[in-house]
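This briefing covers a ligand site and one loop residue. The structure is shown first, and the notes follow.

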Amino acid sequence: MSCIFCKIVAGEIPSTAIYQDDRVYAFADIGPKAPTHILVVPREHIASISEAGEGHRNLLGHLLFTAAQIARDKGLHGGYRVVINNGSDGGQTVDHLHLHLLGGRALAWPPG
Ligand code: AMP
Ligand code: ZN
């Protein structure tokens, strides 16, 4: 298994756990771009959002709901952003689907 996030999910690479259940794992981003920067990933390897299939509809909803739940738990009352980068033009660098939860400061729009 060569996927870095699969290794993180399996505990083979250390990470700072934020939340976990039977379907998803959330951990601190190693290079935070905001005071709060958390990644939410499915335990199942899905390479990207564009690779998700019909059978992943519920899982995708659970990933989004989990990000919102973590934001609530972290007290991000001022707002936050949930981002999914997809493919090279989308800036995806790790080929295991992940949601970025960014908050704790005002975020510029549009992204670069
Ligand atoms: P993306 O560019 O959307 O594919 O995001 C990949 C993210 O994974 C980046 O924000 C990286 O900082 C983060 N990242 C890469 N390796 C690790 C790691 N070992 N632990 C935590 N976050 C990581
Ligand atoms: Zn993976």
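The notes below are grouped by topic.

The model is predicted. Ligand 1 occupies the largest pocket, and 17 residues surround it. Elsewhere in the notes, His77 is described as a residue of the loop between helix H2 (57–73) and strand E4 (80–83).

**Polar contacts of the ligand**

- The side chain of Asn85 places an N or O atom 2.8 Å from an oxygen atom of ligand 1.
- Gly91 has a backbone N or O atom 3.0 Å from an oxygen atom of ligand 1.
- For Val94, a backbone N or O atom also lies 3.0 Å from an oxygen atom of ligand 1.
- Ligand 1 taken alone exposes 510 Å², and the protein buries 85% of that area.

**The shell around the ligand**

- Asp29, Asn85, Thr93, His98 and His100 are the closest of the 17 residues that surround ligand 1.
- Eight residues of the shell are nonpolar, eight are polar and one is charged.
- Ligand 1 sits in the largest pocket, and the elements giving two or more residues to its shell are helix H1 (4–9), strand E2 (24–28) and strand E3 (36–42).
- H1 supplies the largest share of this shell, with three residues.

**His77**

- His77 counts as exposed because its relative accessibility is 76%, and the cut-off for exposed is over 50%.
- The C-alpha atoms of His77 and Gly104 are 8.9 Å apart in space, while the two residues are 27 residues apart in sequence.

How values were computed
Residues numbered from 1 in each chain as written. Chains lettered and ligands numbered in written order. Predicted model: local features only at pLDDT ≥ 70, side-chain atom pairs only at ≥ 80, totals over all residues. Heavy atoms only, no water. Near = heavy atom within 4 Å. Polar contact = N/O pair within 3.5 Å; in protein donor to acceptor, adjacent residues only side chain to side chain. Areas by Shrake-Rupley, 256 points an atom, 1.4 Å probe, with all protein chains shown as cover. 1 Å grid on protein atoms, 1.4 Å probe; cavity = no way out; pocket = protein on both sides within 12 Å on 5 of 7 lines; lining within 4 Å. Sits in = over half its atoms within 2 Å of the grid points. Helix = DSSP H or I, 4+ residues; strand = E, 2+ residues; numbered from the N terminus. Nonpolar A, V, L, I, M, F, W, Y, C, P; charged D, E, K, R; others polar. Buried < 20%, exposed > 50% of the residue type's maximum accessible area, 1.4 Å probe, protein only.
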